[in-house]
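This briefing is intended to be read alongside the sequence and the three-dimensional structure. Selected residues and one sheet are taken in turn.

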Amino acid sequence: MPGIEYKISVSGKNVLGMEGKKEQFTFRVMPKDNKNGTGNITKHSQLILKGPTRTWSKGNYIAEAVIDTCDIQILKPVVTCKWNVAGELSQNIEFPKGRKLIVRGGVLQGGKEYNISSTCTSEARDSSDKTEMTAWLAVSVQSQGLKARISQQEVVVGTGQALQLDASQSKDEDMKPGNLQFSWCCRQQSGGRCLLPRAGEVTTIESAFKDAFQEQVLKIPPGSLSVGKYVFSVEISKAESTSSKADTLVEVVSGVPAIVSTPLGDQINCVNPNEGVTIPAIVTNTREGCHMWWSVQQEPGHEYFSLADVGLGDVVLVTSEEAKDPMG
């Protein structure tokens with residue numbers, strides 16, 4: 001029936017009886033005739049919203065209102081439009097009055113369904129008559145969930161140095177409201193618990209530094225771990241979201257060895273292959289005669305390339321003057 005909104009659900013099963021994902025479509029049958037503000041009839045005109053029906057939370061969403069008409073009396077396709085987004089938003093937004101809607105990334109939440117509508121007016125060629133039309137568009141935002149991330153996958157630290165592990169780059173890809181909760185834990189690579197190297201009562205480092213193990217950046221003072229290899233894990237969580245975990249390998253050695261780190265936020269994920277890339281590194285506690293070099297690690301799903309092909313990869317010998325520099 002004209003003017004009524006309909007929803008159609010579609011699902012199917014394969015020969016094994018396994019049911020696939022159910023899809024839902026929304027549409028409205030437009031009346032053949034639309035009345036303008038003066039009661040006159042404008043034929044063969046309808047408003048159409050053009051935009052993707054599936055999107056991600058972190059990307060900008062763009063929709064456009066277009067009048068499809070055969071009426072030669074309509075001079076201007078769209079004069080003004082009133083937009084609305086029905087559904088739970090991460091933040092309040094101000095809707096435009098033009099024919100294009102741009103919703104910034106992070107406003108729509110992953111795993112949610114939205115109904116976008118627009119009411120637009122068109123203007124007649126030979127009079128001041130205006131026609132008002134409305135259209136709807138159902139949009140599904142795909143869920144990407146939480147992504148736990150530790151800045152370094154392998155860390156070497158001395159018994160006389162503090163340990164710092166950074167998970168601040170962890171994200172909620174769905175941009176749902178609320179703060180991320182962090183929970184760290186430690187185990188020996190062999191499977192045992194991580195214990196303080198002190199005489200007396202047996203104490204795990206989780207209980208000794210309980211508050212530190214709830215922070216996004218874990219900081220443990222020098223002398224908290226004996227020589228050995230440890231696996232540190234961080235689990236991030238948020239209400240109504242599935243938790244996510246990430247691990248890093250920590251090797252504790254005697255003394256105060258050189259430490260290589262990258263500044264916070266400088267872990268580059270996406271780069272333009274046609275442009276140069278700068279990856280900064282900070283080296284501390286170097287001594288004369290120390291050898292330093294860059295290398296590329298091979299990992300499943302990632303393309304490997306040799307640094308020698310781009311003029312890098314040579315071993316650098318630290319001089320006595322460079323060893324005096326506190327930053328290496």
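In this predicted model, Ser-207 counts as partly exposed, because its relative accessibility of 46% falls between the 20% and 50% limits. Two further residues, Leu-49 and Thr-248, are both buried, with relative accessible areas of 10% and 2% respectively. The points below place each residue in its surroundings and describe the sheet to which strand 5 belongs.

**Ser-207 and helix 1**
- Ser-207 is located in helix 1, which covers residues 205–208.
- A polar atom of the Ser-207 side chain lies 2.9 Å from the backbone oxygen of Thr-204.
- Leu-196 is 11 residues away from Ser-207 along the chain, and the C-alpha atoms of the two residues are separated by 9.9 Å.

**The sheet of strands 5, 7 and 9**
- Three strands make up an open sheet, arranged in the order 5-7-9 with antiparallel pairing.
- Strand 5 (45–50) and strand 9 (100–103) are the edge strands, each of which pairs on one side only.
- From one strand to the next, the twist averages 15 degrees.
- Between strand 5 and strand 7 (residues 61–69), the antiparallel pairing extends over 6 bridges.
- In general, the strands of a sheet pair through backbone hydrogen bonds, in either a parallel or an antiparallel manner.

**Leu-49 in strand 5**
- Leu-49 belongs to strand 5, and its bridge partner in strand 7 is Ala-65.
- Leu-49 is classed as buried because its relative accessible area of 10% is under the 20% limit.
- Beyond its neighbours within four places in sequence, Leu-49 is in contact with Glu-64, Ala-65, Trp-83, Ile-116, Ser-117, Ser-118, Ala-135, Trp-136 and Leu-137.
- Arg-99 stands 50 residues from Leu-49 in sequence, with a C-alpha to C-alpha distance of 9.4 Å.

**Thr-248 in strand 19**
- Thr-248 is part of strand 19, which spans residues 244–253.
- With a relative accessible area of 2%, Thr-248 is under the 20% limit and is therefore buried.
- The Thr-248 side chain reaches the backbone oxygen of Gln-152 at 2.5 Å.
- Gln-152 is also one of the residues that Thr-248 touches when residues up to four places away in sequence are not counted.
- The other residues in that set are Ile-150, Gln-153, Glu-154, Val-155, Leu-165, Tyr-230, Val-231 and Phe-232.

Terms used:
Residues are numbered from 1 along each chain as its sequence is written. This is a predicted model: local features need pLDDT of at least 70, side-chain atom pairs count only at pLDDT 80 or more; totals for chains, interfaces and linings use all residues. Side-chain values use heavy atoms; hydrogens and water are left out. Helices (H or I, at least four residues) and strands (E, at least two) are DSSP runs, numbered from the N terminus. Buried means under 20% relative accessible area, exposed over 50%, partly exposed in between (1.4 Å probe, protein chains only). A polar contact is a pair of N or O atoms within 3.5 Å; within protein, one must be able to donate a hydrogen and the other to accept it, and residues adjacent in sequence count only if both atoms are side-chain atoms. Contact means heavy atoms within 4.5 Å. Two strands pair if DSSP finds at least two bridges between them. Axes are lines fitted to C-alpha atoms, for helices over the stretch in contact, and angles run from 0 to 180 degrees between N-to-C directions.
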